Amino acid sequence: MIKRKATADIKKWLREKHKKCLVIQGARQTGKTFTVENFANENYEELLEINFKESPSAKEIFSGDLTVETMLMAMRFRFPDKKIIPGKTLIFLDEIQECEEAITSLKFWAIDNHFDVIASGSLLGIDYKRASSYPVGYVDYYKMQGVDFEEFLWANGIGEEMISGVRQYIEDKKALPEAVNTQMMMYFRQYIAVGGMPEAVQKYLDTKDFREVDTVQKNLLQGYLYDIAHYANAEEKVKAEKCYLTLARQLLDKENHKFQYKEVEHGGRAQKYYSSIEWLLRADIIHLSRLVTNITFDLDDYAKDDFFRAYTTDLSLLMAMKDFSLKKHIVENTLSGNTKGGIYECAIADALHKKGYSLYFYKNETNKKEIDVIIQKDGEVVPIEIKSGNSKASSLSSLLKNKNDIKLAYKFIDGNIGVSDEGILTLPLYAISFI
């Protein structure tokens with residue numbers, strides 16, 4: 001069983017909740033249902049789980065009056081073996097996006113405040129012209145992502161003591177012992193090849209066979225393509241799928257990772273495909289990094305919506321878009337050229353997305369200066385360069401010389417910890433998970 005950080009976060013909600021239900025959102029197959037079921041097993045005597053996609057007829061529970069008394073009566077008739085006792089039963093409404101009345105009911109569960117209610121759902125199936133909304137003021141939200149690198153380490157038997165030791169070296173800005181750094185890079189390459197989708201991670205843990213993992217990844221990708229076909233409107237289905245399936249080529253096969261519509265279709269233009277990108281983004285199937293024209297807080301003021309890089313929401317799906325041999329090259333560290341740089345950029349972007357950051361990048365065609373990734377933290381701009389080796393971060397160095405307001409900059413490399421004369425903190429790629 002994969003230990004997830006979300007379990008502790010949900011426990012925190014339980015301790016601190018004030019008449020609110022918890023809504024867990026996230027892309028499909030990121031472990032939402034499993035995490036809630038595991039949480040219920042550890043903290044309640046009973047779990048009442050209703051999956052609206054699996055049991056559409058359960059919508060009848062919410063088809064009449066939405067008083068807690070009426071809903072409880074309907075639940076007891078449908079689930080006669082359940083006691084449904086306040087404080088001892090967790091009510092779990094899964095795939096809640098399939099039942100608008102159940103979403104509305106969260107307000108009345110919260111007002112009643114006798115039962116703990118968790119809802120889970122994706123952003124699929126929502127009519128964006130008439131979007132279903134959760135009752136404001138009556139729910140807390142939690143975004144569920146795939147397994148991150150630290151969780152992957154836990155699953156592989158790496159304990160907190162070793163991870164804390166790595167964190168301390170990073171904090172002290174001291175080079176790690178080479179044996180430790182090499183081992184951590186080995187795990188990080190494995191993680192990139194497997195990705196963070198729980199099913200893929202579990203298959204790797206069970207078999208240590210990357211071909212088995214590859215089969216799981218491709219099945220997950222097919223599931224995502226099915227969702228696009230099932231939920232996107234008729235106008236967007238084919239276009240959205242075409243856009244999605246070009247992501248690996250856009251990110252790994254070209255030197256310029258900016259999303260280009262001509263890669264989707266010869267002569268493709270934003271006028272035809274931008275609405276499909278917007279659908280994929282709203283459905284939580286991709287996330288974006290936007291070009292900024294100035295590296296100054298607030299970056300949103302300088303971001304261009306029509307120039308962006310598009311990433312899969314998890315590395316497992318990116319891997320599924322490429323041939324099995326890519327995983328072999330990643331694990332054996334035999335990548336080269338654009339692919340190597342692209343893979344590492346995707347890994348850093350994936351880690352930052354899972355931490356909840358909005359991503360930006362900078363590129364100046366005139367002076368050829370480029371910053372791979374930029375984030376904002378505590379009102380400060382933090383520029384990041386990613387190197388497949390340990391070459392000089394010239395764009396980052398130039399930026400720091402000309403921007404006195406930037407206090408922190410990172411260079412992530414396939415190497416060890418160090419600090420440059422310009423004040424750039426150099427870190428091994430895997431350290432993105434620990435800063």
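**Exercise 1. In what sense, and over how many bridges, do strand β1 and strand β4 pair?**

Solution. The model treated here is predicted.

Step 1. Strand β1 covers residues 21–25 and strand β4 covers residues 116–121. Their pairing is parallel and runs over four bridges.

Step 2. Within this pair, valine 23 is placed opposite alanine 119 of β4.

Step 3. Both strands belong to an open sheet of five strands, ordered β2-β3-β4-β1-β5, with parallel pairing. β2 (46–51) and β5 (139–143) each have a single partner strand, so they stand at the edges and one side of each lacks a neighbour in the sheet. On average, and with direction ignored, neighbouring strands of the sheet are turned by 20° against each other.

**Exercise 2. Determine which strands of this sheet α2 and α4 touch.**

Solution.

Step 1. Helix α2 packs on the sheet and touches β1, β2, β3 (89–94) and β4. The direction of α2 makes about 175° with that of β3.

Step 2. Helix α4 (residues 100–112) also packs on the sheet, with β1, β3, β4 and β5 as the strands it touches. Its direction makes about 145° with that of β1.

**Exercise 3. Describe how the axes of α1 and α2 are arranged.**

Solution.

Step 1. The axes of helix α1 (residues 5–16) and helix α2 (residues 32–43) come within 10 Å, with a crossing angle of roughly 55°.

Step 2. Because of this angle, α1 is oblique to α2. The crossing of the two helices is right-handed.

Step 3. In α1, the residues that meet α2 are Ala6, Thr7, Ile10, Lys11 and Leu14. Their counterparts in α2 are Thr35, Asn38, Phe39, Glu42 and Asn43.

**Exercise 4. Is serine 120 buried or exposed?**

Solution.

Step 1. Serine 120 is located in strand β4.

Step 2. Its relative accessibility is 1%, and buried means under 20%, so serine 120 counts as buried.

Step 3. Beyond residues up to four places away in sequence, serine 120 touches Ile24, Lys32, Phe92, Leu93, Asp94, Glu95, Ile96 and Gln97.

**Exercise 5. Examine the backbone at glutamate 95, lysine 208 and aspartate 298.**

Solution.

Step 1. As a reference, most residues other than glycine have a negative phi, and most peptide bonds are trans.

Step 2. Glutamate 95, in the loop between β3 and α4, has a positive phi of about 50°. Its relative accessible area is 19%, and therefore glutamate 95 is buried.

Step 3. Lysine 208, in the loop between α8 (198–207) and α9, has a positive phi near 55°. At 46% relative accessibility, lysine 208 is partly exposed.

Step 4. The peptide bond from phenylalanine 297 to aspartate 298 is cis, with omega near 5°. Aspartate 298 lies in the loop between β6 (286–292) and β7.

**Exercise 6. Identify the edge strands of the eight-stranded sheet.**

Solution.

Step 1. The order of this open sheet is β7-β6-β8-β9-β10-β11-β13-β12, and its pairing is mixed.

Step 2. β7 (303–312) and β12 (418–419) pair on one side only and are the edge strands.

Step 3. β12 pairs with strand β13 (residues 425–428) in the antiparallel sense over two bridges. Glycine 418 stands opposite threonine 426 in β13.

**Exercise 7. Which residues have the most contacts inside the largest nonpolar core?**

Solution.

Step 1. This core has 91 residues, and Phe149, Tyr244, Trp279 and Ile285 have the most contacts inside it.

Step 2. Helix α9 (residues 210–231) gives the most to the core, namely nine residues.

Step 3. A second, separate core has 29 residues, including Phe79, Ile103, Trp109 and Ala119.

Technical notes:
Residues numbered from 1 in each chain as written. Predicted model: local features only at pLDDT ≥ 70, side-chain atom pairs only at ≥ 80, totals over all residues. Heavy atoms only, no water. Pairing = 2+ DSSP bridges. Core = buried A, V, L, I, M, F, W, Y, C linked by side-chain atoms within 4.5 Å. Buried < 20%, exposed > 50% of the residue type's maximum accessible area, 1.4 Å probe, protein only. Axes fitted to C-alpha atoms, helices over the stretch in contact; angles between N-to-C directions. Parallel < 35°, antiparallel > 145°, perpendicular 65-115°, else oblique. Left-handed = near helix turned anticlockwise from the far one by under 90°. Contact = heavy atoms within 4.5 Å.
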